[in-house]
Amino acid sequence: MNFLLFFCGLTAVAVLGMEYIMWYLFQRRVSGLHFPHEADSSSRIRFFTMGRMRICAIVHATFTLAIAELFLIFIW
Amino acid sequence: MVKKPKVVGELLFQGKDSGEQFQFYFRQHWIRLLWPLLKTGTWNLLLLFIGYEMFTTGAITDTTARHALALILAFFFLLSQWEFISRFYRYFLYVTIVTDKKVHRIKKTLLAIDMHESVDLWLLQDIIKSQRGIVQNMMGFGSLILEGQNQPLLRIHFTPRIADNYTKLMHLRERARSTLGA
């Protein structure tokens, strides 16, 4: 049980740390590449803004953490 | 990537000259994200299947082996997710920007690459639009080859909405040439 808690904690730290580092690097790199919606010629559907990207990052971190913890808890 | 709209022509970006007027930009076609998505999805399904089988059948009776398996499955799951999210971010860091004078291609990764190539519009002899195969024609993407004096100056692969972007580029090239001649 103690080991399970330890590995669950370790997984949580790894997931949150990695997601934060990647978001931080992305934010640094993407600075200077912010343009208005109407100038985006990539697609007719213009979805991704910085705010929505942040939400995607949070959703992805939550999903990754939940599934990884489930692996540990159910198989342990 | 998008922030609150400003006056379009006055936008600043990496490598922009003060005299340039920003026109439009595009990323690569979304199909570039399909392979990472499929790869991650397949990996996850496989890992979930193995995990589910272990959980329901109780095939591994040895506790240490079961713990090790749980850790290995979780580890590979995390690796596949991190690879996907880094590819996802990279997709947004590869941008082609068109101004009234130049075509800029900015390619970055999260850590290793920060590339910027620029080509003057008036220097372009030809702009070649190439769509090969059923998928490219159905999805409306392809390659734009910007040619100078008998040599390609810039190849832009996976250009989305290629017909529109090609027309806009041709129009801007003519405008740049006429401005230069005037």
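I call two residues in contact if their C-beta atoms, placed from the backbone, lie within 7 Å. The model is predicted.

**Entry 1: the A–B interface**

I began with the side of chain B that touches chain A. I find 43 residues of chain B in contact with 34 residues of chain A. Which elements of chain B give two or more residues to that side? I list β1 (22–27), α1 (34–57), α2 (63–92), β3 (102–108) and α4 (162–181) of chain B. α2(B) gives the largest share, with 15 residues. I then sorted this side of chain B by class. I get 30 nonpolar, six polar and seven charged residues.

**Entry 2: chain B overall**

I went through the secondary structure next. Chain B has four helices and seven strands. Read from the N terminus, the order is β-α-α-β-β-β-β-α-β-β-α. Why do I call chain B more spread out than a compact globule? Its radius of gyration is 23 Å, and the globule rule gives 16 Å for 182 residues, so chain B is well over that value. I also took the box along the principal axes. The C-alpha atoms of chain B fill roughly 85 × 35 × 30 Å.

I looked up burial and contact range for chain B too. Of its 182 residues, 24% are buried. I took the contacts in chain B between residues at least 6 apart in sequence. Of these, 54% join residues at least 24 apart.

**Entry 3: β1(B) and the largest core**

I turned to β1(B). Is it mostly covered or mostly open? I find it mostly covered, since six of its six residues are buried. β1(B) pairs with strand β2 (residues 94–99) of chain B. The sense is antiparallel, and I note five bridges. Within this pair, Tyr25(B) stands opposite Ile97(B).

Both residues come up again in the largest nonpolar core. That core has 19 residues. Tyr25(B), Val95(B), Ile97(B) and Val98(B) touch the most other members. I checked which elements supply at least two residues each. They are β1, β2, β3, β6 (142–147) and α4 of chain B.

I also find a second, separate core, of nine residues. Its members include Val15(A), Phe71(A), Ile75(A) and Ala74(B).

**Entry 4: helix α2 of chain A**

Phe71(A) and Ile75(A) led me to α2(A), where both are among the buried residues. The others I list there are Met53(A), Thr64(A), Ala68(A) and Leu72(A). What do the buried residues of α2(A) pack against? I find α1 (2–30) of chain A, together with α1 and α2 of chain B.

I checked the length of this helix as well. α2(A) covers residues 50–75, which is 26 residues. At 1.5 Å a residue it should span 38 Å. Its end C-alpha atoms are 38 Å apart, so the span agrees.

**Entry 5: two positive phi values in chain B**

I looked for backbone oddities last. Phe158(B) is not a glycine, yet its phi is positive, about 55 degrees. Phe158(B) sits in strand β7 (residues 152–159) of chain B. I count 19 C-beta neighbours inside 10 Å, so Phe158(B) is partly exposed. The cut-off for buried is 20 or more.

Arg161(B) is not a glycine either, and its phi is positive at about 40 degrees. Where is Arg161(B) placed? I find it in the loop between β7 and α4 of chain B. Arg161(B) has 18 other C-beta atoms within 10 Å, so it too is partly exposed.

Definitions and conventions. Residues are numbered from 1 along each chain as its sequence is written. Chains are lettered from A and ligands numbered from 1 in the order in which they are written. This is a predicted model: local features need pLDDT of at least 70, side-chain atom pairs count only at pLDDT 80 or more; totals for chains, interfaces and linings use all residues. The radius of gyration is taken over C-alpha atoms; the globule rule is 2.2 Å times the number of residues to the power 0.38. A residue is buried if 20 or more other C-beta atoms lie within 10 Å of its own, exposed if 12 or fewer, and partly exposed in between; C-beta atoms are placed from the backbone. Ala, Val, Leu, Ile, Met, Phe, Trp, Tyr, Cys and Pro count as nonpolar, Asp, Glu, Lys and Arg as charged, and the others, Gly among them, as polar. The expected span of a helix is 1.5 Å times one less than its number of residues. Two strands pair if DSSP finds at least two bridges between them. A nonpolar core is a set of buried Ala, Val, Leu, Ile, Met, Phe, Trp, Tyr and Cys residues joined through C-beta atoms within 7 Å.
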